[in-house]
Amino acid sequence: QVQLVESGGGLVQAGGSLRLSCAASGSIFSINAMGWYRQGPGKQRELVALFTSGGSTNYEDSVKGRFTISRDNAKNTVYLQMNSLKPEDTAVYYCNALIQGAPLGYVRNYWGQGTQVTVSS
């Protein structure tokens with residue numbers, strides 16, 4: 001079984017910073033893509049930042065220049081550094097990964113349980 005475990009959410013004032021972490025564990029052969037989505041109140045889930053299977057990064061337009069995605073391949077962990085937070089960033093943030101499991105090699109899409117980020121004005 002593969003699990004994604006997130007941490008780092010919380011309450012912060014506008015202009016503040018938070019750092020989210022997501023660690024993948026279990027029978028992993030390779031991680032093809034990994035990143036973060038969010039779902040705000042009354043909104044659909046949207047992509048925030050992602051490492052693609054080719055290793056490049058994609059960011060949602062509203063977070064460009066404020067959020068930075070990084071990773072530690074040795075730890076199967078991805079991070080999201082969020083700076084200059086705004087009230088509209090308030091959402092549940094979900095880690096997502098496309099993982100090829102071991103030993104059979106099936107590729108599956110996995111989600112973390114979500115972590116709440118609340119930005120007060």
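Reader: Let's start with one residue: what is the relative accessible area of Ser-84?

Author: The general idea first: buried means under 20% relative accessible area, exposed means over 50%, and partly exposed is in between (1.4 Å probe, protein chains only). Ser-84 has 38%, so it counts as partly exposed. Before we go on, this is a predicted model, where local features need pLDDT of at least 70 and side-chain atom pairs count only at pLDDT 80 or more, while totals for chains, interfaces and linings use all residues. Residues are numbered from 1 along each chain as its sequence is written, and side-chain values use heavy atoms, with hydrogens and water left out.

Reader: Where does Ser-84 sit, and what is its phi near?

Author: For places, I use helices (H or I, at least four residues) and strands (E, at least two), which are DSSP runs numbered from the N terminus. Ser-84 is in the loop between E8 and E9. As a general idea, most residues other than glycine have a negative phi, and most peptide bonds are trans. Ser-84 goes the other way, with a positive phi near 50 degrees.

Reader: Which residue in the loop between E7 and E8 has a positive phi?

Author: That's Asn-76, with phi near 50 degrees, in the loop between E7 and E8. Asn-76 is partly exposed, at 26%. Asn-73 is found in that loop too, between strand E7 (67–72) and strand E8 (77–82), and is exposed at 57%.

Reader: And which peptide bond is cis?

Author: The one from Ala-102 to Pro-103, with omega near 0 degrees. Pro-103 lies in the loop between E9 and strand E10 (107–111).

Reader: How many disulfides does a search of the whole structure find?

Author: A disulfide is a pair of cysteine sulfur atoms within 2.5 Å. The search finds one, joining Cys-22 to Cys-95 with the sulfurs 2.0 Å apart. The link ties distant parts of the chain together: Cys-22 is in strand E3 (residues 18–26) and Cys-95 in strand E9 (residues 91–101), 73 residues apart. Both ends are tucked away, since Cys-22 is buried at 0% and Cys-95 is buried at 0% as well.

Reader: How do I read a strand, say E1? Which side chains point to the buried face?

Author: Follow the alternation along E1 (residues 2–7): Val-2, Leu-4 and Glu-6 point to one face and are buried, whereas Gln-3, Val-5 and Ser-7 point to the other and are not. As for neighbours, two strands pair if DSSP finds at least two bridges between them. E1 and E3 run antiparallel and share six bridges; one of the matches is Val-2 with Gly-26.

Reader: Now charges. How many salt bridges does the structure hold?

Author: Side chains of opposite charge can pair when their charged atoms come close. I call it a salt bridge when a side-chain nitrogen of Lys or Arg is within 4 Å of a carboxyl oxygen of Asp or Glu. The structure holds five, among them Arg-38 with Glu-46 (2.7 Å, N to O). Arg-38 is buried at 5%, but Glu-46 is partly exposed at 30%. Another joins Lys-64 to Asp-61, with 3.0 Å between the closest N and O atoms. Asp-61 is exposed, at 59%.

Reader: Which salt bridge does Arg-66 make, and what network is Arg-66 part of?

Author: Arg-66 meets Asp-89 at 2.7 Å, N to O. The two residues are 23 apart along the chain, Arg-66 in the loop between strand E6 (57–59) and E7, Asp-89 in the loop between E8 and E9. Arg-66 is buried at 10%, and Asp-89 is buried at 1%. Through shared partners, salt bridges connect Arg-38, Glu-46, Glu-60, Arg-66 and Asp-89 in one network.
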